[in-house]
Each structure stands twice: as C-alpha cells, then as structure tokens.
Amino acid sequence: MIKRYLIAFVIVIGVSFATSRCAAQGKNAEINTLVQAYTDLDLFNGSVLVAKQGRIILEKGYGKTAFPNGKFITPDTRFCIASLNKQFTAVLIMQLYEAGKLDLHKPVSTYLSWFRKDVAEQITIHQLLSHTAGLPEYTERTDFFTTVSKSKYTHREFIEKFCSEDLQSKPGTAYRYTNTGYYILGTIIEELTGQSYKEVLQRQILDKIGMKSTGMASSNTGVESVPGYDYQLGAYIPVPHIELYSTIFAAGGMYSTVQDLYLWDRALYTNQLMKETSKQILFTPVLAGYAYGFGVAGKFIFHQGAINGFRTIITRVTDEQEVIILLSN
C-alpha cells in the first residue's frame, strides 16, 4: 500500500461522504463501492469505518489478514496503528498535567535526570508534544531498520543510545516531526507513574472507554495483530521483523481495530479522559498545523501512521462529528 494512495483515498471518501444527499444506506453502498474498487486494484487491504454524529455509516473489512491463505478481514481485525499511537501518548501526558504531576513548559531534565543534560535542559514537554524540540529522527539512522529495530532495549538504554544526539534547531523555533520526542514522552510517563507505559495506557484510557482489542504490540510481524506486508511488483511480501515495543514504543507501537478507534473518537467529544480546558490545549496547533499528537486544519483533526507493513489514517470532522478510519496491512 503506497502512502499517497491512502491519503487520496481518504480525501475521496470524505468528499463523497460530506456531499452525498442520499440516506445512510445509500452512503454505505457508495463508500463500499469506492473502497472495493481500490481493493480490486490492490491499492487497499484492510478495514474501514465511517460514522457521523454517533451513527456508523460503514464498517467493513476488505481483503485478507495474510497472504496467500489468510482469513477475510473484518471490522474487529487488529492492525498495528503506527503513529496514531501519538494521540494516546499526548492524552496520557495531559492527564499527568491535570493531576499536577507535570508542567508542560518545564524542561525534560526535570523528569529525566539521567538524560543528556545539555539537551534535556533546553527542551520542554510542550516542545516534545508539538515536534518543536529540534530533535533528530532516530529512524533515519542508516542502521535503524537493518540492525537497531531488530534488537531489544530498555527504554532508558534506547534513549541514551539513539535519542541523545545534538539538536538540529533551536527548541521552539521550527517544526520537525520525529518519533524521538514521543519515545521520550513515553519514558517520562513511566518515570512519573512508576509503571510501564503499557499498564498506564490500559488503566487510564483503554479500560475507561472499553477499548478491548487495543494494546501495545511487541512486533510488526503478526503477534498481537495481523502481519504487515509490502506490495511489490504485484505480490505481497512479508516485512522484516521490528521490535515495536522496544524501538518504536510510545511513538507508534500500538495495535487496534476500527471499532475500538471509533470508541476513541467518541470519547474525545466527552470529558471521560480529560477536562475541556485540557482538550483545548491538546487541539491547539503550535507550528505547521500540529497540536499535541494531532494535525489540525480548521474543523479537521487528523493523523496518519506508517510503519513497515502498515498504513493508517484517522480523520475527524468535528463540527459534524464525522470520522473516517482506515487501517491497512
């Protein structure tokens, strides 16, 4: 699945969904025809959920869980969700902020005393959340996918080895999207709670809103979720193994389903997870249209995810309470 196709796919679904005047059943048929056309062209393999104002218009799986002999995908099929994970990390940080355990504008050195001091004293939690800390991207290392991603580390070891390089820009002055910042945020959550990120995520979000098919994946090759594939020259090729919980962690190591992510979407309209004042901070863009774990463009709140073998998108249209969720392997 090529990333640009999936983005265009969501745009087409959104236009069709927003402008259609037919009844819900007609919208279901229209969107289903569109998605099936992409599936028939081998440009999509996954699950889709489209809803408006608390009513599901379409929830369906397309294609197979594995190739050549997998089961048919359904709305409760689990996928690695990659960088959609960042939304959850941002909300966990806002919960700590509400509890008075964390100041968004204090330096990282306040919370990670062992982190490289000259860097940690310059960057704040706010800058990590908004990708404005000036950190380099560790997945761009030439040895990341060949060597680093296949090994296991404690989160402290990983940060000390791969997230402690010189800053690339003055903190707060430029937007640079990185997994590095969100890996560090996940470790700060562990330091402040004395529990694993996985445990905090389960207690503070998943259990609260009933996301029973969501959690932290150990790898991208089919343990907790379906396996990931690359589509090359007309064939699906299994992707190389990645130790997700060790090397991607709070930046993109979760798995989920379209059904569970719909519960997430609905919960964000309530105060189940955080106060209204915290949500206002969460959804306010800082630089380049990026807020805390979400891209924001007017009424649109969205994020993409991409990890070896998986492409994911959630797009929320808040004034109409519409949502489009696509998960693909």
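In which loop is Pro68 found? The tour of this predicted model opens with that residue.

**First stop: Pro68**

Select Phe67 and Pro68. Pro68 belongs to the loop between β2 (55-62) and β3 (79-80). The peptide bond that joins Phe67 and Pro68 is cis, with omega at about 10°.

**Second stop: Gln53 and His131**

Select Gln53 next, in the loop between β1 (46-52) and β2. Although Gln53 is not a glycine, its phi is positive, at about 50°. Is Gln53 buried or exposed? Its relative accessible area is 53%, and Gln53 is therefore exposed, the cut-off being over 50%.

Then move to His131, which lies in the loop between α5 (125-129) and α6. His131 is also a residue other than glycine with a positive phi, here near 60°. Its relative accessibility is 3%, so His131 counts as buried; the cut-off for that is under 20%.

**Third stop: helices α6 and α7**

Select residues 155-162, helix α6, together with residues 179-193, helix α7. The two helices pack at an angle of about 145°, and their axes are 10 Å apart. The crossing of α6 and α7 is left-handed.

Which residues meet at this contact? From α6 come His155, Phe158 and Ile159, and from α7 come Tyr183, Ile184, Thr187 and Glu190. By type, the residues of this contact comprise four nonpolar, two polar and one charged.

**Fourth stop: strand β9 and its partners**

Select residues 300-307, which make up strand β9. In a regular strand the side chains alternate between the two faces of the sheet. Along β9, Ile301, His303, Gly305 and Ile307 point to one face and are buried. Phe300, Phe302, Gln304 and Ala306 point to the other face and are not buried.

Add strand β8 (residues 295-297), which pairs with β9 in the antiparallel sense over three bridges. Val296 stands opposite Ile301 in β9. The two strands form a hairpin with two residues between them, and Gly298 in the turn has a positive phi of about 65°.

Finally, add strand β10 (residues 310-317). How many bridges join β9 to β10? There are eight, and the strands run antiparallel. Within this pairing, His303 stands opposite Ile314 in β10. β9 and β10 also form a hairpin, with two residues between them. Select Gly309 in that turn to end the tour; the phi of Gly309 is positive, at about 95°.

Note on methods. Residues numbered from 1 in each chain as written. Predicted model: local features only at pLDDT ≥ 70, side-chain atom pairs only at ≥ 80, totals over all residues. Heavy atoms only, no water. Axes fitted to C-alpha atoms, helices over the stretch in contact; angles between N-to-C directions. Helix = DSSP H or I, 4+ residues; strand = E, 2+ residues; numbered from the N terminus. Left-handed = near helix turned anticlockwise from the far one by under 90°. Contact = heavy atoms within 4.5 Å. Nonpolar A, V, L, I, M, F, W, Y, C, P; charged D, E, K, R; others polar. Buried < 20%, exposed > 50% of the residue type's maximum accessible area, 1.4 Å probe, protein only. Pairing = 2+ DSSP bridges.
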